[in-house]
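Visitor: I am new to this structure and would love a close look at one part of it. Could you take me through the aromatic rings and what lies around them?

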Amino acid sequence: MNTKKLSLALLSGLVLTGAWYYRATLLGASETGFPIAGESSSTPSTTTTAAGPGATEGPRKIVAVDNESVYTGTLSAGPGGRVSKEVENNNGEKVVEMLTPEQATSKLRRNEESYFVGRGKGVWRYDVVQIPSNDPIEDDHAEKIIEVPPTIVPAEEGQETGPSDWMFWGVFDGHSGWTTSAKLRQVLITFVAREISNTYKAAVADPASKAPSPESIDNAIKKGFLQLDHEIIHESVDKVFKNPSKLVAAETLAPALSGSCALLAFYESRSKLLRVAVTGDSRAVLGRRGGNGKWTATPLSEDQTGSNESEAERMRKEHPGEEYVVRNGRVLGGLEPSRAFGDAFYKWSYDTQLKIKSQFFGRTPSTLLKTPPYVTAEPVITTTRIEPEKGDFLVMATDGLWEMLTNEEVVGLVGKWLDDQKAASKDGKPWFGNWFGGGKDQGMLPVETATNDATGQRQPVRVKQWGVTAKDSERFVCEDRNAATHLVRNALGGKNQDMLCALLTLPSPYSRRYRDDLTVEVIFFGDNTENNGQVTINKEATATVKSETPQAKL
């Protein structure tokens with residue numbers, strides 16, 4: 001990934017050119033600032049007053065970006081309120097004035113969701129949040145709970161009788177557009193659930209077997225993934241050639257022309273088995289409390305990119321003699337994920353691409369294209385037995401989160417959040433606010449340190465880009481009722497409110513230089529004390545409720 005260096009600095013004047021705003025229009029000519037990305041400083045900044053009639057005193061915090069760096073500073077606005085610049089054909093403004101901490105919090109919580117699962121089936125809650133960087137956001141997500149009768153999943157010896165629950169959570173990281181991830185939100189769980197159901201039905205009908213084998217369930221999940229991608233890539237082409245209309249082609253081929261990674265978790269309540277299927281570089285990490293009270297972080301997926309040597313070696317074997325099948329950690333030098341839905345330019349034949357371009361639209365095929373497909377939607381699947389009595393929880397997120405936080409930091413942050421929630425429920429005192437209130441581990445997250453780096457998993461490169469050097473006790477806070485929002489807040493700055501506000505103020509497309517779209521889900525295993533058989537909205541951790549109908553319909 002190519003990243004710009006982030007330099008957050010306080011300025012006595014804004015002197016950035018060629019990016020957002022014009023130097024001659026707004027401010028003076030000096031730049032005397034200091035970095036705020038690492039350790040904070042108390043050095044005061046001066047105020048430069050904007051030129052123009054009617055300008056009033058009263059400095060405002062601003063954020064600005066040029067081709068290399070992001071800056072914050074102060075600026076005196078005119079009587080009209082916000083300092084802004086009109087943008088042609090956009091019906092809006094690009095706002096210079098930096099979000100206040102309250103406005104940043106509002107933006108963080110705008111798309112948060114939280115649900116209580118009162119099913120008595122091993123999951124008691126899950127939280128979701130999305131923060132866009134692209135406009136519109138290219139990420140998506142989906143959740144579904146399916147009640148399965150015992151005729152399909154019969155109880156084995158020692159298991160509870162009655163129906164079982166199949167629970168699905170999906171996180172979809174789109175790229176080159178939002179249409180592929182939207183398609184996955186609409187139908188991927190349906191495709192996978194149908195294949196799993198067929199596999200269970202076949203096993204029940206076979207007198208020689210009582211239940212499907214683990215391998216057959218994995219194969220059913222893979223079949224669901226591959227069938228959907230075949231529909232997106234190949235069946236769509238058949239449709240447009242039968243009805244050669246550019247309008248039809250634009251709508252039908254859209255999910256093929258963009259792309260998306262997919263991370264899907266499948267929990268079977270009777271067996272307590274959690275399967276995680278990954279296509280691409282989104283990641284799932286399991287948190288589990290050990291006997292010493294600390295949490296351990298266990299990755300349940302491996303990032304699938306051209307930089308992952310096992311993935312690169314797989315592609316070289318599939319395309320022998322092609323020197324540039326992986327170049328600079330990318331497929332044919334272009335696409336970073338080595339597995340994905342859509343991305344037809346890496347899957348269609350040379351002739352198909354030329355035909356689509358000549359009849360409809362498109363681009364000239366790459367000169368490196370020799371033996372497609374180079375990218376597959378086939379997932380890699382891991383299976384884990386959940387232990388609710390150990391406080392198990394699962395964090396699923398698009399790669400934007402893992403660019404900012406390590407596995408251990410993510411699990412430690414959720415673990416601390418849980419501890420604060422539990423403490424509040426006992427004494428009724430506010431659970432949010434200051435952290436690390438003493439003890440020998442003061443200033444440390446309650447998580448075991450990784451003994452070795454997981455293979456195929458990228459490190460949080462954004463932290464280096466932003467110049468973050470602060471210790472945990474100086475970085476992290478606990479201010480949100482939604483666990484997913486809590487993670488995103490700490491990923492984007494935590495205690496460093498200037499960084500948090502600056503990163504959330506930057507509009508698209510400038511924000512994309514410093515952060516990606518973010519989609520995070522946190523699933524908590526265990527049984528809800530209110531076993532009412534329903535999925536209900538947790539209003540304390542959900543944005544303005546538009547409907548009382550939970551998203552994860554039964």
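How many aromatic pairs does the count come to?

Guide: Happy to help! First, a word on the model: it is predicted, so local features need pLDDT of at least 70 and side-chain atom pairs count only at pLDDT 80 or more, while totals for chains, interfaces and linings use all residues. Residues are numbered from 1 along each chain as its sequence is written, and side-chain values use heavy atoms, with hydrogens and water left out.

The count comes to 14 aromatic pairs. Here rings of Phe, Tyr and Trp (its six-membered ring) pair if their centres lie within 6.5 Å; planes under 30 degrees apart count as stacked, over 60 as edge-to-face and the rest as tilted.

One of these pairs is Trp166 with Tyr200, which is tilted, at 5.2 Å centre to centre and 45° between the planes. It links distant parts of the chain: Trp166 belongs to strand 10 (residues 164-175) and Tyr200 to helix 3 (residues 179-205), 34 residues apart. Helices (H or I, at least four residues) and strands (E, at least two) are DSSP runs, numbered from the N terminus. Trp166 is buried, with a relative accessible area of 2%, and Tyr200 is buried too, at 8%. Buried means under 20% relative accessible area, exposed over 50%, and partly exposed in between (1.4 Å probe, protein chains only).

Strand 10 also holds Phe168, whose partner Phe266 sits in strand 11 (residues 259-268), so this pair ties together parts that are 98 residues apart in sequence. The ring centres of Phe168 and Phe266 are 4.9 Å apart and the planes are at 15°, so the pair is stacked. Both Phe168 and Phe266 are buried.

Elsewhere, ring pairs join Trp124, Trp295, Phe393, Trp417 and Phe524 into a cluster.

Some rings have a charge over them, meaning that NZ of Lys or CZ of Arg is within 6 Å of the ring centre and within 35 degrees of the ring normal. Arg194 lies over the face of Phe191, at 4.7 Å from the ring centre. In the case of Tyr324, Arg327 lies over the face, at 5.0 Å from the ring centre.

To finish, look at the strands. Seven of them form an open, antiparallel sheet in the order 14-13-19-20-8-7-21; two strands pair if DSSP finds at least two bridges between them. Strand 14 (295-299) and strand 21 (535-537) stand at the edges with a single partner strand each, so one side of each has no neighbour in the sheet. Within the sheet, strand 7 (residues 113-117) and strand 8 (residues 123-131) pair in the antiparallel sense over four bridges.
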